[in-house]
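Here are my notes on the model you sent over. Have it open while you read, and check the confidence colouring as you go.

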Amino acid sequence: MRTSPSKSVLTRRLAAAVVLPGLLATSMVLVQPAVAATTSTTGMCNGVVNQLAHRGAVQENLLKAAAKKNADAILALQAEKGTLQTSKDSLTAQVAAAQQELDGLTAQETQLANDIDAAQAEVDGLLSRQGDLGAAVTAAEADLAALQSQQAKAASELAPLQEELATAQSESAKLKSTLADLEGQQALNTESLETAKTELGALEQAASDAAAEVAATDAEIQRAQDELSALNAKAEQAAADVNAARLAVIDAETKLAELVATGSAATAELDAQQAAVDAANKTLAGLQDAAAVANGAVTAKKNQISAAEAQLAGLKSTASLAKEALDAKNAEITAAQDALVALRAKAAAAATAVSDNAAKIAAVNADIAKLQSQIDTKNAEIDAKKSQLATAKSELAALTADKATLEGQIADLNSQIAAINNNGKTKKELEAKLAATKLQLDSVNTQIADKNTLISGLQGNLDALQTQVNSLNAQLLTKQQESSTLQRQAATLQASLDTANLAVTAEQADIEALQAQVPDLQAAAKDTYAAVEGKQTELTTLQGELAALNDAATAAVNAVAEQQKVVDELADELPGLTENVEQAQREIADQQSVLDAKTALLTQAQDALTAANTAVETKTSDIAALQDQLKGLQATLDAANTAVTDKTAEVAALTLLGEGLASQITELNARIATQEAAVLDLQGRVKPLLDQLTSLNGEITAAEAKLTTLQSQLTALDTQVTAAQGKLRDLQAQKKPSKEAVEAQKLVVAGLQAQLADIQTQMAVIDPTIKNGGCAV
């Protein structure tokens, strides 16, 4: 979206590019119009708006001339756009009419040749006038550049003085405000210092009382701790006695338990030995019968194993062939599945690319809508700023007139006062009136400075907004191009996705066909392996049973021999076990008597320990209470000491602060006097520069009006040249085709276009200035 007034220039050039080829079609000649260069001028600004842009600021006193020139340029360019559009429509209609009449005008060739010569003479005259007007425009531009140079010089001298004056006035006001603050702080500091000294005396007395209470409580705790030490020694002795008695009882109980266990074991061993002898005899008879049965079973199982081994060999061969067929089919399925994974990955990547591209298109379209909205908003802000700027300039002009009136009154009063040689009532009245008028002038000067600041700020905002609009336009064009590119990519990506999906579908069909063949092969292999496994299980079972039967037969024979030995050994051990039981019962009775005596001694030692522990706990509780009391007193003492320290530091800080405030007040008074003198000096230097700048602004306005008039005349003459050339082409379209005449007319038209290009080149030098309000950038 373009907002620059140069749009009408571009429209005029496009219209020429469309119309001229149509007019020259009958003679098979295509002559393009010359186009003036549109490259922006670089360097320092030659206008009145941006002459300080290289320093990041806009000259505030030049804003009025800049706004007027921008408005005039916009109106002129808009009018030029309408005129050129009308000329384009008219010439298009003339081309159609000339083409229709071409065949019927052959007989008028001689008369048309004379008409062509007359039209050529008219075009030559118009082009000559264009050259004269171009020279006048160049001269007017030179005059305007000289005035702008003088204006820039005056403005460059005035700007730093105005900034320095505003800074000095602001600094003076700040110093006075700081002085008032420091005097208030000094009064508060004096009051706070007296209060702090009173509070410090009370805190020192409280700290002394707390220290005395802490010392008394500490002495009482020391006495209680001495008594506790004696009680602890007595309790420790009682505990040692209890431990000794407890160990003696434990030893006696342990020995008694050992004796009881020995007696029980001896009795159990005797009973077990007798039962073992009886059982061993019974087992021996059973083992002898089992050995005979086991030998018969071994022989029968060997016959079964031989038959099963022959059947197993045939089943293994059949199972091997079925497994090979199944493995081959599974290998085909695995290869197809691997290919399917790759195809799916390719399809997923294509789908992701399509999705990402769609998301990018949506994001770019959203950015385009956002940028368009921002551009509309910025244009509305520009219009509002222009309105505010016009209002501020109007108010500034009124204030400047008031200032001139007041200065004239002051000069008149000074003359009247100077003419009076005495100090009578009349002179005093004039002096009072003079003082009042000066106050009014000071107020007007302040308002003028404020208004200049406001205008400067508005112009700065206006330039910043225009820059933002230009930047947004560039971003919008970039986003539109990006959206177009993404949309072209979308079709290609969708085609890739469709191809990938078709490949995946085909591969899935192949895999399903292969998988349909697998169940039959699996069933055949499963049945064959089931038969092998069944026969192998049967053979393993038979072999296991044979080994077990062999082991059972061998074990039965061995068990018979071993059992006979057991029976003999058990019978020999019975007499000794009976004697062991009797001896154990006698030892248990003796140990029970010893245990009863040691238990009585343990009870006495535990009673003594309980009494000693009770005395220790009582004294410990008393000490803990005193220590808790001491903690509270110590905390009170610490708080009192802290308060004394803090208050002492506060008194010292307040004293130091009071001395510093007094020193700062003295220094500020001296700085205020110096700053006020500097303000008066700067006000006297600014006034003559403002007067000079106002005069230059008027001269620049007149020069710009003259340049605008010349430009309008040149535009009107351009329209006449276009009309004359159209008439010439119409006449040429009606003339009988003649190669020599057509070639001659080509040279004539080329010469006219070269002259028109020269005029357009001269106007292009002015176009950038018009576009930017008088500043070529």
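The points below go from confidence to overall make-up and then to the cores.

1. Bear in mind that this is a predicted model. Mean pLDDT for the protein chain is 75, with 83% of the residues at 70 or more. By element, helix H3 comes out highest with a mean of 81, while helix H1 (residues 7-23) has the lowest, 45.

2. Go easy on the ends. Residues 1-56 have pLDDT below 50, although the model gives this stretch 119 contacts beyond near neighbours in sequence. Residues 770-777 are also below 50, with 29 such contacts. Where pLDDT is low, the predicted coordinates should not be read in detail.

3. What is the protein chain built from, helices or strands? There are five helices and zero strands. Of the 777 residues, 32% are buried.

4. Contacts reach a long way along the sequence: of those with a separation of 6 or more, 93% join residues 24 or more positions apart. On the outside, the chain exposes about 43,800 Å², and 57% of that comes from carbon and sulfur atoms.

5. Now the largest nonpolar core, which has 23 residues; Val214, Val242, Leu595 and Leu602 touch the most other members. Helices H3 (109-419) and H4 (425-734) each supply at least two of its residues. H3 gives the most, twelve.

6. Take a look at Val214. Leaving aside residues up to four places away in sequence, Val214 touches Leu630, Leu633, Gln634 and Leu637.

7. Don't miss the second core. This one is separate and has 19 residues, including Leu396, Leu406, Val444 and Ile455.

Note on methods. Residues numbered from 1 in each chain as written. Predicted model: local features only at pLDDT ≥ 70, side-chain atom pairs only at ≥ 80, totals over all residues. Heavy atoms only, no water. Core = buried A, V, L, I, M, F, W, Y, C linked by side-chain atoms within 4.5 Å. Buried < 20%, exposed > 50% of the residue type's maximum accessible area, 1.4 Å probe, protein only. Helix = DSSP H or I, 4+ residues; strand = E, 2+ residues; numbered from the N terminus. Contact = heavy atoms within 4.5 Å. pLDDT = per-residue confidence, 0-100. Areas by Shrake-Rupley, 256 points an atom, 1.4 Å probe, with all protein chains shown as cover.
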